[in-house]
Amino acid sequence: ALRDQIGLAAMSPLDILITGESGTGKELVARAIHFNSARKNRPFVTVDCAAIPENLLETELFGHEKGAFTGAREHGKIGLFELAHEGTLFLDEIGELPPMSQAKLLRVLEEKRVERVGNLLPVKVDFRLIAATNRKIDFLKDNTKFRQDLYYRLSTMSIMIPSLRDR
């Protein structure tokens, strides 16, 4: 049952992919996993990949240094990867992530460090990734639309939420 899967996922340190139709409660499942895990007292950071324009996504995820680009904040900005340090980062609608961002996300997952825009010094990060999508698995397995190495990295543990009509 779904409750059992949430319990197993909460005990595991693995990254997780949650799939299911819109409105099935993917974020609620992600929150349940986080708040039943060893990271429950640390941050739970949510990012809707479809809601952030592609040209802002990198600075939102990685942060930026003072003066990194025109319009950059005067004191720079911490990125969402760093905000999730020691906690959980929930990437909703991961299927909407642009290809360049997919490559950068994979690198962060492999190296456990980020480089803010405008800074070459890496910052170590330790977070657990939970990703979700309402896309069909076939979409994620299509290597022309989604990086296969990222898909396999995310799907080491997956939870499929049944549609509301099937419940």
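## Exercises on the core, helix α5 and ring contacts

Of the 29 residues in the largest nonpolar core, those touching the most other members are Phe81, Leu89, Leu91, Ile94, Leu105, Phe127 and Leu154. Such a core is a set of buried Ala, Val, Leu, Ile, Met, Phe, Trp, Tyr and Cys residues joined through side-chain atoms within 4.5 Å; buried means under 20% relative accessible area and exposed over 50%, with partly exposed in between (1.4 Å probe, protein chains only). The model is predicted: local features need pLDDT of at least 70, side-chain atom pairs count only at pLDDT 80 or more, and totals for chains, interfaces and linings use all residues. Residues are numbered from 1 along each chain as its sequence is written, and side-chain values use heavy atoms, with hydrogens and water left out.

**Exercise 1.** State which element gives the most residues to the largest core.

*Solution.* Step 1: list the elements that give two or more residues, namely β2, α3, α4, β5, α5, β8, α6 (137–141) and α7. Helices (H or I, at least four residues) and strands (E, at least two) are DSSP runs, numbered from the N terminus. Step 2: pick α5, which gives the most, with four residues.

**Exercise 2.** Describe the span and the two sides of α5.

*Solution.* Step 1: α5 (residues 99–111) has 13 residues and reaches 19 Å from its first C-alpha to its last, close to the 18 Å expected. The expected span is 1.5 Å times one less than the number of residues. Step 2: its buried residues are Ser101, Gln102, Leu105, Leu106, Val108 and Leu109. Seen down the helix axis, these fall within an arc of 160°, so they line one face of α5. The arc is taken from the directions from the axis to the C-beta atoms. Step 3: the face turned away from the buried side carries the exposed Pro99, Met100, Arg107 and Glu110.

**Exercise 3.** Classify the ring pair Phe44 and Phe90.

*Solution.* Step 1: rings of Phe, Tyr and Trp (its six-membered ring) pair if their centres lie within 6.5 Å; planes under 30 degrees apart count as stacked, over 60 as edge-to-face and the rest as tilted. Step 2: the centres of Phe44 and Phe90 are 6.2 Å apart and the planes are at 20°, so the pair is stacked. Step 3: Phe44 lies in strand β2 (residues 44–48) and Phe90 in strand β5, 46 residues apart. Both are buried.

**Exercise 4.** Assign the pair Tyr151 and Tyr152 to its class.

*Solution.* Step 1: the distance is 5.1 Å centre to centre. Step 2: with 70° between the planes, the pair is edge-to-face.
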